[in-house]
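Me: I am in my first year and still learning to read protein models. Could you take a close look at the aromatic rings here, and then follow the strands as well?

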Amino acid sequence: MSFRKASVRDAEVAGRRVLVRLDLNVPLSEGHVEDDTRIRAALPTIELLRERGARAILVSHLGRPEGFDPALSMRPVGERLAELLGTEVEQAPAVVGEEVEAVASGLGDGEVMLLENSRFEPGETGNDPELARRLADLAEVYVNDAFGAAHRAHATTVGVAALLPAYAGLLLQAEIEHLTAIAEDPARPLAMILGGAKVSDKIGVIDRFIELADQILVGGAMCFTFFRALEIPTGDSLVEEDGVPLAAAALERAQASFDLQLPQDLVLADRFAEDAERRESEGVEVPDGWMGLDIGPRSAEAYSQAVAAAGTVFWNGPMGAFELEPFAAGTRAVAEAVADAPGTTVVGGGDSAAALQQFGLAERVDWLSTGGGATLELLEGKVLPGVEVLNDA
Ligand code: ADP
Ligand code: MG
């Protein structure tokens, strides 16, 4: 299936005000942008609009404020964006309102303004029709390039899109093309490496990949929820109690006919800390007083070999507590295997992306998705409301 939504490339934008929903939800530290990956990912659409003489009105959420919160102002994001674009970015004092309208109507062709954090407006997450109307009043055209927020039906992603001619941005389109290719016509074998914390976040994608994929390799804290379902002792490891029946059901569904692999060995610690007592375990039983914080070397080797042999690899979720150096080896081994893999490689999830960046391997995967929840929902086969509402091609 090719992408069936109207592209910003085909929109009439010269001299027109274009409201662009971006995902500029970046980590801040002491008033500065700590990681500008998402800002960089938004540049191609903004640059296209500027080249074509559009008047770009950018909007994003940042964090999860409930109402106005100066610590989550878009200002530092706007400053970084201005540096990257090499042009001025007008910073609006609010999301909507008279002052914002005045700045928007003063924009010249090719100029850029950035609205305040959309979640400063209580109507954003509830998709309030009044907020959507006020956003629509600012512009003549709407573009959604916020793939990471496309699974949420909010005023800036769905409400306003229904009120204006609505187009897909370049990043949103590229994300959907790369991710749907995995599900629709992957080079075989298709292997999924799944880690991270919670089974319940990822059960939908596990279910779908039991149908679609040739292999699922499980690591991260998630494996302990599976071990609990198998009645293997997990010691003090992180187990998601609510996820145990889901894990049991997935094991049941996979049965003998599907290759669902759990780790064969582990790295144990006596607590969650950099300087914890550390030991490698032969098997996967975790004694009381210990917790599993990484997959062991034999598992890392087996998973790396599966990645090397795959035609297509999708990786989501670290194999261990990679933020702690003594427990990063399993995640590093998988990351290196993905970087070196001859097949098509796609990685999703904020922490998986952070791990790749930490190891200096981010440039070596075929597609590094900017989405977390949106990436998983798309791969589950769900319709994303922020995409659905866009004009058809
Ligand atoms: P992603 O953002 O890539 O989807 P998740 O958010 O699901 O990944 O999970 C990442 C988190 O899981 C990391 O903070 C990591 O420390 C944690 N984690 C992974 N393995 C373990 C483990 N064995 N015990 C505790 N935490 C773990
Ligand atoms: Mg995460």
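Reply: This is a predicted model, and there are three aromatic pairs in the structure. A pair of aromatic rings is described by the distance of the centres and the angle of the planes. In one of the pairs, F68 and F120 meet edge-to-face, with 5.0 Å from centre to centre and 70° between the planes; an angle over 60 degrees is what earns that name. F68 belongs to the loop between β4 (55–59) and α2 (75–85), while F120 belongs to the loop between β6 (112–114) and α4 (129–137), so the pair ties together parts that are 52 residues apart in sequence. The two partners differ in their surroundings, for F68 is exposed, with a relative accessible area of 61%, whereas F120 is buried, with a relative accessible area of 9%.

Another pair is made by F209 and F314, whose ring centres are 6.1 Å apart and whose planes stand at 35°, so this pair counts as tilted. Because F209 lies in helix α7 (residues 199–212) and F314 in strand β15 (residues 312–316), the pair ties together parts that are 105 residues apart in sequence. Both F209 and F314 are buried.

A ring can also have a charge for a neighbour, as with W290, where the charged end of R279 sits over the ring, 4.4 Å from its centre.

R279 leads on to the strands, since it falls within β13 (278–281), which is one of the edge strands of an open sheet, the other being β14 (291–295), and each of these pairs on one side only. The sheet has three strands in the order β13-β12-β14, with antiparallel pairing, and its neighbouring strands are turned by 35° against each other on average, direction ignored. Strand β12 (residues 266–269) is joined to β14 by four bridges in the antiparallel sense, and within this pairing L268 has G292 in β14 as its bridge partner. Strands of a sheet pair through backbone hydrogen bonds, either parallel or antiparallel.

The parallel kind appears at strand β1 (residues 17–21), where four of the five residues are buried, so the strand is largely enclosed by the rest of the structure. Five bridges join β1 to β4, and the two run parallel; here R21 has V59 in β4 as its bridge partner. Strand β1 is also joined to strand β7 (residues 141–144), again in parallel, by four bridges, and in that pairing the partner of V18 is V141 in β7.

Definitions and conventions:
Residues numbered from 1 in each chain as written. Chains lettered and ligands numbered in written order. Predicted model: local features only at pLDDT ≥ 70, side-chain atom pairs only at ≥ 80, totals over all residues. Heavy atoms only, no water. Phe/Tyr/Trp six-rings, centres within 6.5 Å; stacked < 30°, edge-to-face > 60°. Buried < 20%, exposed > 50% of the residue type's maximum accessible area, 1.4 Å probe, protein only. Lys NZ or Arg CZ within 6 Å of the ring centre and 35° of its normal. Pairing = 2+ DSSP bridges. Axes fitted to C-alpha atoms, helices over the stretch in contact; angles between N-to-C directions.
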